[in-house]
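Open the model in a viewer and keep the selection tool at hand. The stops below are meant to be taken in order.

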Amino acid sequence: VADICEEALEFPSEVYVMNLDTGTLKNISQDTTRRDSSLGWSPDGQTLTYVSLSTESILYAYDHSAQERTVVLDDIEVISGLPEWSADSRYLGIYGQFERGVLGESQVYVWDRETNRLESINEIGLWSSDVFWSPAANQLLYRGRQSDDGRMFIWNANDGTTLELPERSED
């Protein structure tokens, strides 16, 4: 990895990348009125994601080679947890909610870095969380519930289908 990132602890904060060969810093935040946090490099070291907070959350992806910033998701109030990269660095799994504390308003998204396509993959009205990629990078496991039931789902990157896993039996 040729660059490193730094996160300030105070509000507002900014994200910088440093070229280790030249020692130069570059501010990739571009908005000094927001708090930037939840940094994460793709496994291939090509893309840095971060969440920019103010009254709503914006998820950005910074392409190291092109030195360009892309808005991945900007219409959500809270991005819960860290976005999760697939092992091949192609996909990013994201979960969040539209309104703080309102059960049933969360979404699970998958962003395809190659096509810059963002897709909502869970059913509306299902509180979803905890995204995990398979080692082969072609399936995303996420948890969903409507009340206290703990349902598990697998989204298949190859064909875009979602499968609900059977409930665990008590026997």
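The tour goes from the whole chain to its hairpins, then to selected side chains and the nonpolar cores.

**Whole chain.** Show the cartoon first, and keep in mind that this is a predicted model. The chain has 0 helices and 16 strands. It is made of 171 residues, 40% of which count as buried. Switch to a surface: about 9,400 Å² is exposed, with 47% of that supplied by carbon and sulfur atoms. For contacts between residues at least 6 apart in sequence, 27% join residues at least 24 apart.

**Hairpin S2–S3.** Select residues 15–19, strand S2, together with residues 25–27, strand S3; the two pair antiparallel over 3 bridges. Tyrosine 16 is found opposite asparagine 27 of S3. The strands form a hairpin, with 5 residues between them. In the turn, pick glycine 23, where phi is positive at about 80°.

**Hairpin S4–S5.** Next select S4 (residues 35–41) and S5 (residues 47–53), antiparallel strands joined by 5 bridges. Which residue in S5 is the bridge partner of glycine 40? Threonine 49 is that partner. This hairpin has 5 residues between S4 and S5, and its turn includes glycine 45, with a positive phi of about 75°.

**Tyrosine 62.** Move to strand S6, residues 57–63, and select tyrosine 62 within the strand. Is tyrosine 62 buried or exposed? Its relative accessible area is 3%, so tyrosine 62 counts as buried, the cut-off being under 20%. Leaving out residues up to four places away in sequence, tyrosine 62 touches Val17, Lys26, Ile28, Gln46, Thr47, Leu48, Gln67, Glu68 and Arg69. To check one of these across the sequence, draw a distance between the C-alpha atoms of tyrosine 62 and isoleucine 28: 7.7 Å, for residues 34 apart along the chain.

**Arginine 69 and tyrosine 60.** Show both side chains. The charged end of arginine 69 sits over the tyrosine 60 ring, 3.8 Å from the ring centre.

**Aromatic pairs.** The structure holds 6 aromatic pairs. One of them joins tyrosine 91 and tryptophan 155 edge-to-face, with 6.2 Å centre to centre and 80° between the planes. Tyrosine 91 belongs to strand S10 (residues 91–97) and tryptophan 155 to strand S15 (residues 151–156), so the pair ties together parts 64 residues apart in sequence. Both partners are buried: tyrosine 91 has 9% relative accessibility, and tryptophan 155 has a relative accessible area of 3%. Add Trp133 to the selection to display one aromatic cluster of Tyr91, Trp133 and Trp155.

**Largest nonpolar core.** Now widen the selection to Tyr91, Tyr95, Val108, Val110, Ile121, Val131, Trp133, Leu140, Tyr142, Phe153, Trp155 and Ala157. These 12 residues make up the largest nonpolar core. Colour the contributing strands: S10, S11 (106–112), S13 (127–133), S14 (139–145) and S15 each supply at least two of the core residues. A second core lies apart from this one; it has 10 residues, including Val72, Leu73, Ile94 and Trp111. In soluble globular proteins, nonpolar side chains tend to be buried together.

**Isoleucine 121.** As a last stop, centre on isoleucine 121, a member of the largest core. What does isoleucine 121 touch, not counting residues up to four places away in sequence? Its contacts are Val108, Val110, Leu140, Tyr142, Trp155 and Thr162.

Notes: Residues are numbered from 1 along each chain as its sequence is written. This is a predicted model: local features need pLDDT of at least 70, side-chain atom pairs count only at pLDDT 80 or more; totals for chains, interfaces and linings use all residues. Side-chain values use heavy atoms; hydrogens and water are left out. Helices (H or I, at least four residues) and strands (E, at least two) are DSSP runs, numbered from the N terminus. Buried means under 20% relative accessible area, exposed over 50%, partly exposed in between (1.4 Å probe, protein chains only). Contact means heavy atoms within 4.5 Å. Accessible areas come from the Shrake-Rupley method with a 1.4 Å probe; for residues, only the protein chains shown count as cover. Rings of Phe, Tyr and Trp (its six-membered ring) pair if their centres lie within 6.5 Å; planes under 30 degrees apart count as stacked, over 60 as edge-to-face and the rest as tilted. A charge sits over a ring if NZ of Lys or CZ of Arg is within 6 Å of the ring centre and within 35 degrees of the ring normal. Two strands pair if DSSP finds at least two bridges between them. A nonpolar core is a set of buried Ala, Val, Leu, Ile, Met, Phe, Trp, Tyr and Cys residues joined through side-chain atoms within 4.5 Å.
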